[in-house]
Amino acid sequence: VSYQYIETLVVNHHVAIGKVNLKDFYYVVFDEAHYMLSDSMFNSWTDKITYATKIYFDNSVRIYISATVDEIKMFIAEQELENWEEREVIRENQYHQILKLRSLSFQNAWGIDRKKLWHDYTMPTDYKYIHFKSVPKMEDIKDLLIQNSLSEPKEKWLLFIDNKMEGEKLYRELRRQGIKVSYLSADNTDDVVYEEIIQSEQFSSTVLITTRLLDNGVTLRDSNLKHMVVTAPNKTEFIQMVGRKRVLNEEDDLTLYLLEKSGKEFNALLQFRYKRKMEFVKLIERGNEKEILRYMVTNDVDLVKGGVCYWENSALHLNTLAKRELTNLISNINTIIQRFKEEGNDAFIKTQLDWLGLDYDTLEPLEIPSQELADKKLVTFLEESKTTMNRSEWDDFRLVLKNLAKQGSRRLQRQHWGRTLGIRACNEILHCYGYSVHYRRTETWILVKEVTRNEKD
């Protein structure tokens, strides 16, 4: 049963799955339990879903599972103890809270004595299979990706982008480079790609660009998935995204690129996204409909509203979980901004490593292939190319030539990057390496190695 299915039951006032009453389950497992908070910024019904699960499964042993349990644990405890006097203890001290919870005993609806209400289990995490590298800007990631697609064409990339416009732009640029790329977001759900991922736990394209659409419930088991980029600005999303890859054996590994960000970016995120949402939350709490409508008219409705409220019985209601999550996000971003002030430009990189429980020393140097190496690859490519090419072979030849020339010492001008190179443009590159290409009317292209004076002698 999915959380979305529970939402359907809530909306339709159902209390059963088929013929099975929800109160008849002895054990209920809430997998990806962080969903209750993390999705509240997008799904306005999360507080109703959470409240319904307490009613539906009141007699059950409830098991909550999450790889990012830190922020959700206190909330779960508050929900479970809502009707007991011990609830106030929770807000005093988290360590004291756990001791108090463990000392409770009660009798459930079946008359079974429960000596311990709260069992807290943890499992160790192991990121030994990941190589961590920091990258200054997205343009560097794009260059790395293009180079890698030439040198290691079987290796795949998964990019989690927190800005949809940036993701769409990167998708278009990579397509122009002739790279096989797919793009998934809430506004652009390619059913074929998504179904492929669900069914095979793999994607066939070289590059998959996506948003937080895939940060939950999706597992990728593919030894060719060697590179991942995660730009999420908060801990829960970041850890969930990193965890999408499942290693298959001891040789399976992954390079995770951490994109450097500035304090200005987090200030903008705080002011223009989260604080505006919080202003809207406070308006809903005040209940002044004129103020609410005025604010929605003068601001981006989707940005402000999100999942923070819902309409019911001709009235606007606050999603209390959205307010809680928003408060957490604002607090965390303020912490990151303060860290920039105290520690400088590497503050966010250090924060991301902290989220994984790792030290800054874990970072490996970023190695960008030299122009000399790119020149050698281009010369090798020309030496191994066919001297006589048909239309299909010619198209393949000039695409590879263009991509290699981008990185060589005689770099192809950026204005040609998105274009299909004609004979004239190809020869401008080829002459630098002692080659030329000629066209015959029989739909044939001839690659010629030019003879130097020394060779003639």
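In the predicted model, helices α16 and α17 cross in a left-handed manner. The contact between the two helices is formed by W394, F397, R398, L401 and A405 on the α16 side, and by I423, C426, I429 and L430 on the α17 side. By class, eight of these residues are nonpolar, none is polar and one is charged. Helix α16 spans residues 391-405 and helix α17 spans residues 423-430. Their axes lie 11 Å apart and form an angle of about 50°; the two helices are therefore oblique to each other. An α-helix has 3.6 residues a turn, so residues three or four places apart point the same way.

Two residues of this contact, W394 and I423, also take part in the surroundings of W445. This tryptophan belongs to strand β17. Its relative accessible area is 4%, and W445 is therefore buried, since the cut-off for burial is under 20%. Apart from residues up to four places away in sequence, W445 touches T387, T388, M389, N390, R391, W394, I423, V437, H438 and Y439. The partner W394 is 51 residues away from W445 in sequence, yet the two C-alpha atoms are 6.8 Å apart in space.

Strand β17 covers residues 444-449, and a loop joins β16 (435-440) to β17. E443 is located in this loop. Most residues other than glycine have a negative phi. E443, however, has a positive phi of about 60° although it is not a glycine. With a relative accessible area of 37%, E443 is partly exposed, whereas W445 in β17 is buried.

A positive phi is also found at E32, which is not a glycine either; here the value is about 50°. E32 is placed in the loop that connects β3 (27-30) with α2. Helix α2 comprises residues 35-38, and Y35 is part of it. The relative accessibility of Y35 is 5%, and Y35 therefore counts as buried. When neighbours within four places in sequence are set aside, the contacts of Y35 are Y3, Q4, S40, N43, T46 and I49. Y35 and S66, separated by 31 residues in sequence, have C-alpha atoms 9.0 Å apart.

Further helix packing involves α13, which extends over residues 320-343. The axes of α13 and helix α4 (residues 70-80) come within 12 Å and cross at roughly 145°. The crossing of α4 and α13 is right-handed. On the α4 side, E71, M74, F75 and E78 take part in the contact; on the α13 side, L321, R324, E325, N328 and N332 do so. The contact of α4 with α13 comprises three nonpolar, two polar and four charged residues. Helix α4 itself is mostly covered, with eight of its eleven residues buried. The buried residues of α4 are I72, K73, M74, F75, I76, A77, E78 and E80. M74, F75 and E78 thus appear both among the buried residues of α4 and in the contact with α13.

Helix α13 also packs against α14 (residues 347-355), with axes 9 Å apart and an angle of about 125° between them. The two helices are therefore oblique to each other, and α13 passes α14 in a right-handed crossing. From α13, the residues I336, R339, F340 and E343 meet A347, F348, K350, T351, D354 and W355 of α14. In terms of class, five residues of the contact between α13 and α14 are nonpolar, one is polar and four are charged.

A buried residue in a strand is provided by T255, which lies in β12 (residues 254-259). T255 has a relative accessibility of 11% and therefore counts as buried. Beyond residues up to four places away in sequence, T255 touches H131, K133, K226, H227 and M228.

These local features belong to a protein chain with 18 helices and 17 strands. Of the 457 residues in the chain, 46% are buried. The chain exposes about 25,500 Å², of which carbon and sulfur atoms supply 49%. Among contacts in the chain with a separation of 6 or more, 68% involve residues 24 or more positions apart. The pair W445 and W394, 51 residues apart in sequence and in contact, is one such case.

Conventions. Residues numbered from 1 in each chain as written. Predicted model: local features only at pLDDT ≥ 70, side-chain atom pairs only at ≥ 80, totals over all residues. Heavy atoms only, no water. Helix = DSSP H or I, 4+ residues; strand = E, 2+ residues; numbered from the N terminus. Buried < 20%, exposed > 50% of the residue type's maximum accessible area, 1.4 Å probe, protein only. Contact = heavy atoms within 4.5 Å. Areas by Shrake-Rupley, 256 points an atom, 1.4 Å probe, with all protein chains shown as cover. Axes fitted to C-alpha atoms, helices over the stretch in contact; angles between N-to-C directions. Left-handed = near helix turned anticlockwise from the far one by under 90°. Nonpolar A, V, L, I, M, F, W, Y, C, P; charged D, E, K, R; others polar. Parallel < 35°, antiparallel > 145°, perpendicular 65-115°, else oblique.
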